[in-house]
Amino acid sequence: MRKLIFFDVDGTLMTGKNYLPRSTKQAIQKLQKNGHIPVISTGRPPAMLAPVAEELKIESYISLNGQHIVAEGNTIYSNALPTESLEQLIKTSYEQGDRTFLLTADQVIGNTFMSEMMDPDFLTYVYTHLSKVPTEVTLELFKHMTEKPLKRERYGTEEVLMAFVNTAEENDAFYQQNFPELHFTRATPFVSEAIMKGSHKAAGMKHVSDYFGLPLENSIAFGDSLNDLEMLEFAETGVAMGNGREELKEVADYITADVEEAGIYKGLKQLELI
């Protein structure tokens, strides 16, 4: 029976050093050969997931935590954040000593430094080096490298799909309480990811399954971070990576090996998909 398999990127398909294991690539190739449909499901914007999608020859993806969805190369869904909410979020974050920058489908709206994050080479550097730096040091570094609060004319006419709030995880509850129209999640200790309430990877799965005409009973999801939680709960079969958060392992149907220990290959093999 043909399956839809949804894969997170960082910590799932790719290691913490932004490296794609050979075993992962082999697993995806076998999965496709067997007639199944792999779908990337990530908090990354399209430009940041393009290199891995191209290497794996995957044409369908859920990006920005469900805010922008492409199936077989065609955009099937895009969900912009209200300008008024963004304006207040930026103001509040700076009052709290945090920083906020914005993402569209093809750009980062921030200072020059933040725009450089769209460069895959820079992204590799960030994941390789900042992963070794204490979280509190990284948070302070981002504060020093982010400009003054964004003015409305910078983003008022753009389709902003997600906001990154550079803040510690313990502050997420504060932002969620003050912005009930938004949903806050995260994949790293460095930034909270703000999207529309009701929008997450699980909601994106429904759009993809409708497009392909396959029931969600045919869905499997692999993930490792908090922004994968709804996806693993929503899928017929949820698989947590061995290197994943404990919150995911508690709701997963299976726990596979770490990403660096052929976790994707072993998980798909256990499910008899390859």
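In which sense do β4 and β5 pair, and over how many bridges? The two strands run antiparallel to each other, and four bridges hold the pairing on record. Since this is a predicted model, everything below describes a prediction. Within this pair of strands, valine 70 sits opposite threonine 75, a residue of β5.

Zooming out, β4 and β5 belong to an open sheet of eight strands. Reading across, the order goes β5-β4-β3-β2-β1-β11-β12-β13, and the pairing is mixed. At the edges are β5 (74–78) and β13 (254–255), each of which has a pairing partner on one side only. As a bit of background, the strands of a sheet pair through backbone hydrogen bonds, in either a parallel or an antiparallel way.

The chain as a whole comes to 12 helices and 13 strands. It has 274 residues, and 57% of them are buried. The accessible surface adds up to about 12000 Å², with carbon and sulfur atoms accounting for 49% of that. What about contacts between residues at least 6 apart in sequence? Of these, 61% join residues that are at least 24 apart.

Next, the inside. The largest nonpolar core contains 29 residues, and the ones with the most contacts within this core are Phe7, Phe222 and Leu268. Five elements each chip in at least two residues: β1 (4–7), α1 (22–33), α2, β11 (219–223) and α12 (263–270). Of the contributions to this core, the largest share is the four residues from α2. Another core lies apart from this one; it has 19 residues, including Val39, Leu216, Met231 and Ala235.

Leu216 turns up again in the surroundings of serine 209. This serine is part of helix α9 (residues 201–212), and it touches Leu4, Leu214 and Leu216, leaving aside residues up to four places away in sequence. Is serine 209 buried or exposed? With a relative accessible area of 3%, serine 209 is buried, because the cut-off for that label is under 20%.

Aromatic rings get their own search, and over the whole structure it finds six aromatic pairs. One of them joins phenylalanine 179 and phenylalanine 184: the ring centres are 6.5 Å apart, the planes make an angle of 55 degrees, and the pair is tilted. Both partners are buried, phenylalanine 179 at 2% relative accessibility and phenylalanine 184 at 9%. Another pair is made by tyrosine 211 and phenylalanine 212, whose centres are 5.0 Å apart; their planes meet at 85 degrees, so this pair counts as edge-to-face. Here the two partners get different labels: tyrosine 211 is partly exposed at 33% relative accessibility, while phenylalanine 212 is buried at 17%. There is also a cluster, in which ring pairs link Phe174, Tyr175, Phe179 and Phe184.

Methionine 196 shows how residues from separate parts of the sequence can meet. This methionine is in strand β10 (residues 192–196) and is buried, with a relative accessible area of 17%. Glutamine 67 is 129 residues away from methionine 196 in sequence, yet their C-alpha atoms are 7.9 Å apart in space. Not counting residues up to four places away in sequence, methionine 196 touches Gln67, Asn79, Ala80, Leu81, Pro82, Glu181, Leu182 and His183.

Finally, a word on backbone angles. Most residues other than glycine have a negative phi. Lysine 57 goes the other way: it is not a glycine, but its phi is positive, at about 55 degrees. This lysine is in the loop between α2 (46–56) and β3 (61–63). Leucine 64 has a positive phi too, at about 50 degrees, and is not a glycine either. Its place is in the loop between β3 and β4 (68–71). What sets the two apart is their surroundings: lysine 57 is exposed, with a relative accessible area of 66%, whereas leucine 64 is buried, at 0% relative accessibility.

Technical notes
Residues are numbered from 1 along each chain as its sequence is written. This is a predicted model: local features need pLDDT of at least 70, side-chain atom pairs count only at pLDDT 80 or more; totals for chains, interfaces and linings use all residues. Side-chain values use heavy atoms; hydrogens and water are left out. Rings of Phe, Tyr and Trp (its six-membered ring) pair if their centres lie within 6.5 Å; planes under 30 degrees apart count as stacked, over 60 as edge-to-face and the rest as tilted. Buried means under 20% relative accessible area, exposed over 50%, partly exposed in between (1.4 Å probe, protein chains only). Contact means heavy atoms within 4.5 Å. Accessible areas come from the Shrake-Rupley method with a 1.4 Å probe; for residues, only the protein chains shown count as cover. Two strands pair if DSSP finds at least two bridges between them. A nonpolar core is a set of buried Ala, Val, Leu, Ile, Met, Phe, Trp, Tyr and Cys residues joined through side-chain atoms within 4.5 Å.
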